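Student: I would like to learn how to read a few features of a protein model. Can we go through them one at a time?

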Amino acid sequence: MKYLDEFHDPKLVQVLVKKVQDLLGREFSLMEVCGTHAVGIFRYGIRDLFPETLRLLSGPGCPVCVTPAEEIDAAILLSREPGVILTTFGDMIKVPGSQSSLEMARVDGADVRVVYSALDALKIAETNPLKKVVFFGVGFETTSPSIASVISTAKRREIKNFWIYSCHKLIPPAMRGLLEMGEVKIEGFICPGHVSTIIGSLPYEFISKDFGVPCVISGFEPLDILQSIYMLIRQIQEGRTEVEIQYRRSVKLEGNKKALSKLYEIFTIADSKWRGIGLVPYSGLKIKDDYRDFDARTSFSIAWPEVSEERAGCICGQILRGISIPHDCPLFGRRCLPEDPVGPCMVSSEGACATYYKYAKWKA
Ligand code: SF4
């Protein structure tokens, strides 16, 4: 199958593996920022191809996982408001807040509905004019332009019963946050190909210039990931700190200008709280005042929680910062299972705990 088989070619895989192995004279610590890369690395057995001197750390690139408990708690409060239909993506209804989840709120009588897109939520609003339809939106730069487009459509159609509870986040500022914390040695970043298709490569430049950490924007097939690892290790060995694009078939220097233009027509950049990292300056998206009629944050008078407790024993925060792995959690595979998750990293299929559980349950 064109564009798929050619990125799985076993002969090319062997060539690249040998090239990486030949460069591994010492320990290297690389972080795959995004959950899709973490899944690919496990699914294709990439870790097993190299000695333990190549450390591949999982980062904060799972939007479900990094949504903090207070944002989940707020969504639960919104779902309990009179006349509200709370809509969101499937994973989000299972993610535990401090006390409950949207799934439990639904059991208690709240009208919580799973949708595949914000546009589906808008359709629910149009067909239920007497209800207040709120879309609880999480995600990174990949999904937020489509949310912006839906807000634009809602305004054009003069829909009065539709709001977005925006918990959208931006990836590069979170990478800065991790580097500033300095808790974990990161010598190179495997940057997310889908996010970078929207934002381009320029927003990562500060990482190489200010922190001296190389970046390679990677695709998601086995050869993409292997080539990205090779490119990063070469940069480190040659003393270069650059932002390189491996995923050239999708990513351009300046990104997708049309998508970015739509995004920043509707949203402005704001500080945002991340699970495990805390408040990260300029890492979130806030709906602009011109579109405030669609902003749940300014339109609903709930007691917006500022700080919520994480679940006892859950170390998702440490995992998202790359300082722990799921096997370090005493609840992993015992009290916390995909069918009965304690923390968000076990809920999302791109969460580190769910990935380890599926592919490396017994490997410490
Ligand atoms: Fe949290 Fe469960 Fe992962 Fe432990 S195994 S860190 S409780 S999600």
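Tutor: Start with two cysteines. C62 is buried, and C65 is buried too. Buried means under 20% relative accessible area, exposed means over 50%, and partly exposed is in between, using a 1.4 Å probe and protein chains only. This is a predicted model: local features need pLDDT of at least 70, side-chain atom pairs count only at pLDDT 80 or more, and totals for chains, interfaces and linings use all residues. Residues are numbered from 1 along each chain as its sequence is written, and side-chain values use heavy atoms, leaving out hydrogens and water.

Student: What joins C62 to C65?

Tutor: A disulfide, which is a pair of cysteine sulfur atoms within 2.5 Å. Here the S to S distance is 2.5 Å. The link of C62 and C65 is right-handed, with 70° about the S-S bond. By this rule the count is 1 disulfide.

Student: Why is the sulfur of C215 not bonded to that of C191?

Tutor: The two sulfurs are 4.0 Å apart, and that is too far for a bond. C191 is buried, with a relative accessible area of 0%. C215 is also buried, again with 0%.

Student: Now helices. How many residues of helix α15 are buried?

Tutor: First, the naming. Helices (H or I, at least four residues) and strands (E, at least two) are DSSP runs, numbered from the N terminus. Helix α15 covers residues 352-359, and 6 of its 8 residues are buried, so this helix is largely enclosed by the rest of the structure. The buried ones are A352, C353, A354, T355, Y356 and Y357.

Student: What covers the buried residues of α15?

Tutor: Look for contact, meaning heavy atoms within 4.5 Å. The cover includes α2 (35-43), β2 (54-61) and α14 (316-320).

Student: What is the volume of the second largest pocket?

Tutor: About 450 Å³. On a 1 Å grid over the protein atoms alone, a pocket is an open set of points with protein on both sides within 12 Å along at least five of seven lines; lining residues have an atom within 4 Å of a point. Volume is the space filled by probe spheres set on the points.

Student: Which residues lie nearest the centre of the second largest pocket?

Tutor: E71, D271, S272, K273 and R297, out of 23 lining residues. Strand β11 gives the most to this lining, with 5 residues.

Terms used:
1 Å grid on protein atoms, 1.4 Å probe; cavity = no way out; pocket = protein on both sides within 12 Å on 5 of 7 lines; lining within 4 Å.
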